[in-house]
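Trainee: Could you take me through one part of this structure in detail? I'd like to look at how the aromatic rings meet.

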Amino acid sequence: MADVIDKLGDGLWNAFLMAWEVWWALVLGFFISAVVQAWVPRQRIESALSGDGFPPIARATGLGAASSSCSYAAIAIAKSLFQKGASAGSALAFQFASTNLVWELGLVLWILIGWQFALAEYLGGVVMIVLMWALLRRFVNPRLEAEAREHAQHAQVGHLHHSGSGRSWSDVAHNFRGDWKMLYREITIGFLLAGFIALLGDDFFNGLFLESASPAVQTIWGAFIGPVIAVLSFVCSIGNVPLAAVLWSGGISFAGVMAFIFADLIVLPIVVAYRKYYGTSFALRITALMFVTMVVAALIVDLLFGALDLIPSTRPSTDEVFGSIELDYKAVLNALGLVGFVVLFGMTMRGGARDPVCGMRVNKATAVTAEAGGRTHYFCSEHCRQAFSGKPEAAGQR
C-alpha cells in the first residue's frame, strides 16, 4: 500500500511540475486566440469557405489558424460550415488548421520539447492540408459528399458557440473563458497521463518503440504507433502535448511524436461525433483519410528535418521533461499568467450571464437571447436557445 501511495504521489507531482512549466504559455496562447476570435466573426468565416478549389482551402487554413485550438469546437464549427455550403475539403482544412496551426500549441511544444517540434507542427499542419486536398477524392466521391451534407443538415446541431461581432475586451474575456471551459478537462487529463506514464520506465518504452530496430524501422513504426496511442489515450487538443513530451523522452521517433500530435482529430469520441454528423460511411472514410495524411505528413516532416539536421540529437531525461520549481523567470511569468487569468475571468462576471442550458458564462452584449417568464435569457449558442425554448422549465433548473 505504501508503494502504491508513493507512486500515486509521484505521478501527481510529475503532472504538477509539467503544468508549472507551461502555465504562462497556456494563458498567453489562449489570450492571443481569444483576441483573434473577437476580431474574426464566424459569419465572415462561413461566407469565405463556400465552393471548391484552392482559394477556399487557403482561406479555411488561414481562418482555422486564427480559431480556437479545441478539437471538439473545431469539428463542430467545421460541421456548421459544411452545412452552409463549404466543401468537404474546406471543412477538413479548417479542422486541421485550427488544431495544428494555433499559437498556444506551438508555444507549449517549444517550451516542453524544443522549437524544432513547434516548427514541425506548423509545417506538418500545412503538409496534411495539402495531402488531404490531393487525396480527398480517393476516399470521398461527390455523391457521398452530397449525402453527408444532407445528413449534416438534418443532424443535431450540437454545442456550437455563438460568436459576436464586437471587438471589446469583454468579448476577448468571454472567448478566453469559453476556450478554457472547453479544454480544461483535456489539459488536465493530458498532464495526469504524462505524469503517470512517465513512471512506466525505460524497459517499457524501449520495447514499445522498437529501440533495438534500425532507425528506418523506428521512424516508420513511430509514425504508425503514434496515432494509435493518441486514439487510445482519448486526449486531444493541446492536452496531448505533455504526453508527447514523455513519449519523446521514452524513445519514440521524431515522426512518431509528430504523428501522435497530429492525431487529435481521430480520437474515438470525435470519430463517434463524425458518425453522428455525417453518417457512418462518410465518417469512416474521412477518418481513414486523416489517418493516412497524418502518418505520411509525419514521415515527410521527419525526412525533411533529418536532411536539414534539425531533429534533436539528444533526448531530455524524465527529470528534464518535468522540470522543477525554482524562483526564476518561469516563476515570474507564471505569476503574471495567474494575474492575467484572474483578471480575464473577473471581466466575465461583469456584463456576463449564465447560459441556463449548459451553464457557460456568456457576454450579454453579444449572446443569443430569448424572452421567457417576463425576462431575458442569454445563451452561448443557437442550440442552447432551441433546447431552452423546447423545455424552458427544465432548462431553467440546470
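Mentor: Sure, let's go through the aromatic rings one pair at a time. Keep in mind that this is a predicted model. The count comes to 23 aromatic pairs, so we'll pick out a couple, going by the rule that ring centres lie within 6.5 Å. Start with Phe 176 and Phe 345: their centres are 6.2 Å apart and their planes sit at 90°. That makes the pair edge-to-face, because the angle is over 60 degrees. Now see where the two rings come from: Phe 176 belongs to helix H9 (residues 169-197) and Phe 345 to helix H17 (residues 329-349), so this pair ties together parts that are 169 residues apart in sequence. Phe 176 is buried, at a relative accessible area of 0%, whereas Phe 345 is partly exposed, at 22%.

Next, find Trp 180 and Phe 341, another edge-to-face pair, with 5.4 Å from centre to centre and 85° between the planes. Again the pair links distant parts of the chain, with Trp 180 in helix H9 and Phe 341 in helix H17, 161 residues apart. Trp 180 has a relative accessible area of 8%, so it's buried. Phe 341 is at 18%, and that counts as buried too, because the cut-off is under 20%.

Now put the pieces together: Phe 176, Trp 180, Phe 341 and Phe 345 join Trp 23 in one aromatic cluster.

While you're looking at rings, check two that have a charge over them. The charged end of Arg 149 sits over the ring of Phe 82, 4.3 Å from its centre. Likewise, Arg 315 has its charged end over the ring of Trp 248, 3.8 Å from the ring's centre.

Notes. Residues are numbered from 1 along each chain as its sequence is written. This is a predicted model: local features need pLDDT of at least 70, side-chain atom pairs count only at pLDDT 80 or more; totals for chains, interfaces and linings use all residues. Side-chain values use heavy atoms; hydrogens and water are left out. Rings of Phe, Tyr and Trp (its six-membered ring) pair if their centres lie within 6.5 Å; planes under 30 degrees apart count as stacked, over 60 as edge-to-face and the rest as tilted. Helices (H or I, at least four residues) and strands (E, at least two) are DSSP runs, numbered from the N terminus. Buried means under 20% relative accessible area, exposed over 50%, partly exposed in between (1.4 Å probe, protein chains only). A charge sits over a ring if NZ of Lys or CZ of Arg is within 6 Å of the ring centre and within 35 degrees of the ring normal.
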